[in-house]
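Got the structure open in your viewer? Keep the selection tool handy and follow along, one stop at a time.

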Amino acid sequence: MSIIQSEVFEPYAQALMSLAQEHNLTEQIGEDMRGILNLMKESPDLAQFIGSPIIKESDKKSALSQILGDSVQPYTRNFLMLLIDRRRIPFIEGIANYYLMLLRKLNQTVLAEVTSAVPLNEAQQEGVRNKVKEITSAQQVELETKIDADLIGGVVIKVGSQVLDASLRGQLRRIGVRLGSNS
């Protein structure tokens, strides 16, 4: 994240967090931010549309209002409209991610990025959460899961800069390194 981006993301995310805390809506607005991030990921056309400097603000507002309907908090809707007015809506993904980071900090939650060869069932996800709690002493663990068939089996867990590679590919690579060093 560049300095310029963080100078944009941080104040808006902090302002939204203050508003959310004032009205006891931190979790609900967090859900709204997750929904917006999913929407942007699933619809690159929408992300391009609302980020375009050529599209009129009124068109962006009506498109977002139609798409979101009543599915978000009124404070979230007003916040998005403010971002459009201030021409900061292209930064919504960074702002949403920063808000979620603030929310995790508030809740003593860590984000664990989990990559596995196949989707994890609920019991496996719980096992990963417990392992991450053990490693980090966090109160709660939020999982962000990805699938990578190249792992063959097992998982790779990334928490901040810590990486726990329990994948079959990682084990094979480590065996290869050991075998290579003996020759």
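Start by selecting residues 74-85, which make up helix H5 in this predicted model. H5 has 12 residues. From first C-alpha to last it reaches 16 Å, close to the 16 Å expected at 1.5 Å a residue. Now show its side chains: the buried ones are Thr76, Arg77, Phe79, Leu80, Met81, Leu83 and Ile84. Step just past the end of H5 and you'll find Arg87, with a positive phi of about 55 degrees.

Back inside H5, click on Thr76. Is Thr76 buried or exposed? Its relative accessibility is 0%, so Thr76 counts as buried. Add Asp32 to the selection and look at the two side chains: a polar contact of 2.5 Å joins Thr76 to Asp32. Setting aside residues within four places in sequence, Thr76 is in contact with Ile29, Asp32, Met33 and Ile36.

Next, widen the view to the largest nonpolar core, which has 32 residues. Good ones to color are Met33, Leu64, Leu80, Leu83, Ile89, Ile92 and Tyr99, the residues with the most contacts inside this core. Which elements give two or more residues to it? They are helices H1 (3-22), H2 (26-42), H3 (44-51), H4 (57-68), H5 and H6 (92-106). H6 gives the most, with 8 residues. As background, nonpolar side chains tend to be buried together in soluble globular proteins.

Zoom in on Leu64 from that list. Not counting residues up to four places away in sequence, Leu64 touches Ile50, Gly69, Leu80, Met81, Ile84 and Ile89. Before moving on, take a quick detour to a second, separate core of 10 residues, which includes Val141, Leu143, Val155 and Ile157.

Now select H4, another helix of 12 residues. H4 reaches 16 Å between its first and last C-alpha, again close to the 16 Å expected at 1.5 Å a residue. Its buried residues are Lys60, Ala63, Leu64 and Leu68. Try looking down the axis: these residues cover an arc of only 115 degrees, which puts them on the same side of H4. What lies over them? The cover for the buried residues of H4 includes H2, H3 and H5.

For the last stop, go just beyond H4 to Gly69, which takes a positive phi of about 55 degrees. Gly69 is also one of the residues that Leu64 touches.

Technical notes. Residues are numbered from 1 along each chain as its sequence is written. This is a predicted model: local features need pLDDT of at least 70, side-chain atom pairs count only at pLDDT 80 or more; totals for chains, interfaces and linings use all residues. Side-chain values use heavy atoms; hydrogens and water are left out. Helices (H or I, at least four residues) and strands (E, at least two) are DSSP runs, numbered from the N terminus. The expected span of a helix is 1.5 Å times one less than its number of residues. Buried means under 20% relative accessible area, exposed over 50%, partly exposed in between (1.4 Å probe, protein chains only). A nonpolar core is a set of buried Ala, Val, Leu, Ile, Met, Phe, Trp, Tyr and Cys residues joined through side-chain atoms within 4.5 Å. Contact means heavy atoms within 4.5 Å. A polar contact is a pair of N or O atoms within 3.5 Å; within protein, one must be able to donate a hydrogen and the other to accept it, and residues adjacent in sequence count only if both atoms are side-chain atoms. The arc is that of the directions from the helix axis to the C-beta atoms.
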